[in-house]
Amino acid sequence: MDLEGKDEEPLSSNSKDEKSDNNTNTNNPHITLQVLEALKQASHDLQQHHHHHSIQALLQLHTQYHTFLSTDPLLSSLSLHLTRLNSLVHALPNPHHQHHLSLPSFLTRRLNTHSISRLASDIQSDIQSWIDRQSVDSLSQTLRDPFRNPDELLALLTQFNQRVSSSHGFNRELQDLVLKFKIFPLLQNVLFDPKCSKRVREHAAEAVAALIRFNKDVFVGQVSMGPTIRALVGMESLNSIEVLCWLIRLIRSPFVDEIESNGEIPKIIALLDSHQDLEMRVLAMDCVLEIGCFGRKEAVDAMLKEGVVKKLVELQRSEVGGDLIELDKDKRFLEKHPFASCVARFAVQLEIGEGLRQREKRAYKREILIRVREACVSDAECATIVAEVLWGCSP
């Protein structure tokens with residue numbers, strides 16, 4: 001760690017203006033957040049760059065806001081870490097002195113700089129914990145408020161989604177906060193509330209999916225599956241159908257069972273129709289493929305009853321369709337032709353999926369071939385799609 005020139009600049013000043021600022025900061029949560037974000041960035045820089053400037057920035061902020069930090073009980077641990085950092089820095093041997101070259105001085109310096117780097121990590125963790133507490137608390141209060149500001153709620157939901165999605169590994173503190181403030185049921189209440197704007201409900205749905213990705217074992221049990229499915233399908237928006245696909249992948253067969261038992265499959269299949277815009281049809285097809293992968297016999301029967309094979313043949317026949325049998329599944333072609341070989345892709349999902357028994361998979365393969373022959377408008381089209389289905393699935 002480069003700590004040369006430790007004494008070149010003063011660590012901070014103790015002017016009356018700064019003391020006056022301290023009084024202001026303790027009463028303004030926005031200023032509090034700004035101070036902590038600055039401390040967090042400085043601690044991050046210290047870990048990344050190991051420069052004296054980063055240490056100096058941390059100590060200057062600590063000196064400037066010492067009274068403010070030490071009087072907030074939620075920041076007491078942070079204040080102690082900053083005090084410890086200050087002590088370690090001042091205990092470092094001065095690089096300008098001759099004894100700096102001695103072995104004891106070298107070992108002391110290496111030990112202290114390692115401790116400084118570890119403290120910087122603890123400081124960053126303390127600050128993130130404080131920010132998490134404040135943001136989850138604010139989100140909880142806003143979700144409960146019947147007169148909430150939609151723009152404020154959207155901002156809080158966006159912040160929450162980003163935090164949960166960016167959390168690497170398991171974060172017990174964040175999970176405990178979500179459970180303590182009952183965020184999950186509050187999000188579902190907003191999702192189910194038709195009086196809320198579609199954008200707010202979409203963001204709430206994304207937060208629900210983000211929490212399930214964060215810890216499936218804890219949050220899947222809290223999902224009100226039927227109402228969630230009805231709300232997502234009922235919105236008929238790109239975001240809501242995308243969230244529906246996420247939840248199918250995350251919860252798998254039990255979620256598909258709920259989709260089928262709630263009678264939502266006909267509505268999903270209807271989204272494949274030509275009057276829908278292209279993005280919606282692509283998402284609907286993704287949803288159909290996910291249902292095919294995880295759905296049991298009842299769900300597959302429901303899709304076939306709604307004419308899913310005929311609709312897929314029509315999509316494959318369209319200008320954004322085509323076949324991949326001679327193109328070795330070229331990715332660039334597939335980007336411009338999202339429905340290329342979509343019938344065979346559906347058959348493959350049934351074949352490799354986990355919802356069907358082996359004998360059911362064989363029976364559905366035969367059923368798909370029969371329906372393909374009924375839906376095709378020419379022998380050439382039929383021969384191509386049948387070959388793709390036979391070639392794409394194992395016998």
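## A buried leucine in a loop

Let's start with L324, which sits in the loop between α18 (308–317) and α19 (331–336). Helices here are DSSP runs of H or I with at least four residues, strands are E runs of at least two, and both are numbered from the N terminus. Being in a loop doesn't put L324 on the outside: its relative accessibility is 8%, so it counts as buried. (Buried means under 20% relative accessible area, exposed means over 50%, and partly exposed is in between, using a 1.4 Å probe and protein chains only.) L324 also has a partner from further along the chain: S341 is 17 residues away in sequence, yet the two C-alpha atoms are 6.1 Å apart in space.

## What kind of model is this?

This is a predicted model, so local features need a pLDDT of at least 70 and side-chain atom pairs count only at pLDDT 80 or more, while totals for chains, interfaces and linings use all residues. Residues are numbered from 1 along each chain as its sequence is written, and side-chain values use heavy atoms, with hydrogens and water left out.

How confident is the predictor? The average pLDDT (the predictor's confidence in each residue, from 0 to 100) is 83 for the protein, and 77% of the residues score at least 70. Two stretches do worse. Residues 1–27 stay under 50, and the model gives them 49 contacts beyond four places in sequence; a contact means heavy atoms within 4.5 Å. Residues 97–111 are also below 50, with 15 contacts beyond near neighbours in sequence.

## The overall picture

What is the protein built from, helices or strands? It has 22 helices and 0 strands. Of its 395 residues, 50% are buried. If you take the contacts with a separation of 6 or more, 70% of them join residues 24 or more positions apart.

## K182 and the α9–α10 pair

Just ahead of α9, K182 lies in the loop that follows α8 (172–180). Its phi is near 55°, a positive value in a residue that isn't glycine. That deserves a look, because most residues other than glycine have a negative phi.

Next come two packed helices, a situation described by the angle between the axes and the distance between them. Helix α9 (residues 183–192) and helix α10 (residues 198–214) pack at about 145°, with axes 8 Å apart. (Axes are lines fitted to C-alpha atoms, for helices over the stretch in contact, and angles run from 0 to 180 degrees between N-to-C directions.) On the α9 side, F184, L187, Q188, V190 and L191 make the contact; among their α10 partners are V200, A204, V208 and L211. Sorted by class, this contact has 11 nonpolar, 1 polar and 1 charged residues. Here Ala, Val, Leu, Ile, Met, Phe, Trp, Tyr, Cys and Pro count as nonpolar, Asp, Glu, Lys and Arg as charged, and the others, Gly among them, as polar.

## Around α13 and α14

Helix α13 (residues 238–251) packs against helix α14 (residues 253–261) at about 130°, with axes 6 Å apart. The two are therefore oblique to each other; under 35 degrees would count as roughly parallel, over 145 as roughly antiparallel, 65 to 115 as roughly perpendicular, and the rest is oblique. L244, L247, I248 and I251 of α13 meet S253, P254, F255, V256 and I259 of α14. By class, that gives 8 nonpolar, 1 polar and no charged residues.

R252 is in the loop between these helices. R252 has a positive phi too, about 70°, although it is not a glycine, and with a relative accessible area of 32% it is partly exposed. Back in α13 you'll find L250, which is buried at 17% relative accessibility. L250 touches A209, I212, R213 and K216, not counting residues up to four places away in sequence. K216 is 34 residues from L250 in sequence but 7.5 Å away in space, C-alpha to C-alpha.

## Towards the end of the chain

Q349 belongs to helix α20 (residues 342–352). Which residues does Q349 contact, leaving aside neighbours within four places in sequence? They are L289, G292 and C293. Q349 counts as buried, at 17% relative accessibility.

Finally, the axes of helix α21 (residues 358–375) and helix α22 (residues 379–392) come within 10 Å and cross at roughly 170°. That makes α21 roughly antiparallel to α22. K365, L369, V372 and R373 of α21 meet C382, I385, V386, V389 and L390 of α22. This contact has 7 nonpolar, no polar and 2 charged residues.
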